[in-house]
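Student: Could you take me through one helix of this model in detail, and through the packing around it? I would like the cut-offs behind each term as well.

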Amino acid sequence: LLGDFITGHLHSQAVETNLLPPAEAALYAQNLIASGIEFILKNSPYKLVIPCQSGNHGRTTKFSEFGSENGHSWEFFMYCNLREHFKGEKRITFIIAEGAHTYLEVYGRKIRFLHGHDMKYGGGVGGLFIPVNKAIAQWDIAIPAYLTCFGHFHQMNSTNRFVSNG
């Protein structure tokens, strides 16, 4: 769950134009996610490990507060509610991010999860590919990852190094 499940009040016009205000939108999104998880549990034998990243659209502040982002996030609140809702279910593990990145070992390979709002992209000629590959190269200096998964840019792209969820 990579964030931006609600629009929130990121843009001033959204206060009047959003279909739902942030609290109601978060509850609606939470219920949709819960029903999807329940469907998977009912129709498969799989265990679910669910990394959760807060997006920038669900924040309650005008600007991103990277030091206290979760405390100002409707999505963080939603993820905690989902974890509580499924607390008796042994087949689910929620990994609710405390920082910008979450790392998960999958079949012996490290996967990096993030929302993506800390990456700079100015709509350049190379699209997302140049700034994303630069960011990944810098992050890999500290913690190398086989694959990086993020949302934020609202477009689907994938390479052998990253997946951008639309």
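Tutor: Happy to; here is a walk along helix α2, its surroundings and the aromatic contacts.

This is a predicted model, in which local features need pLDDT of at least 70 and side-chain atom pairs count only at pLDDT 80 or more, while totals for chains, interfaces and linings use all residues. Residues are numbered from 1 along each chain as its sequence is written, and side-chain values use heavy atoms, with hydrogens and water left out.

Helices (H or I, at least four residues) and strands (E, at least two) are DSSP runs, numbered from the N terminus. Helix α2 covers residues 22-43, 22 residues in total, and spans 31 Å from its first C-alpha to its last, close to the 32 Å expected at 1.5 Å a residue; that expected span is 1.5 Å times one less than the number of residues.

Its buried residues are P22, A25, A26, A29, Q30, I33, A34, I37 and L41. Here buried means under 20% relative accessible area, exposed over 50%, and partly exposed in between (1.4 Å probe, protein chains only). Viewed down the axis of α2, the buried residues fall within an arc of 165 degrees, so they line one face of the helix; the arc is taken from the directions from the helix axis to the C-beta atoms. On the face turned away from that buried side sit the exposed residues Y28, F39 and K42. The cover over the buried residues of α2 includes β1 (48-52), α3 (74-85) and β2 (92-96).

Now for the core. A nonpolar core is a set of buried Ala, Val, Leu, Ile, Met, Phe, Trp, Tyr and Cys residues joined through side-chain atoms within 4.5 Å. The largest one has 18 residues, of which I37, I50, L82, F86, I92 and F94 touch the most other members. Two or more residues each come from α2, β1, α3 and β2, and α2 gives the largest share, six residues. Leaving aside residues up to four places away in sequence, I37 touches L48, I50, F86, I92 and F94, where contact means heavy atoms within 4.5 Å.

Back at α3, W74 and F77 lie three residues apart in that helix, about one turn. Their ring centres are 6.3 Å apart and their planes at 90 degrees, so the pair is edge-to-face. Rings of Phe, Tyr and Trp (its six-membered ring) pair if their centres lie within 6.5 Å, with planes under 30 degrees apart counted as stacked, over 60 as edge-to-face and the rest as tilted. W74 is partly exposed at 26%, and F77 is partly exposed at 46%.
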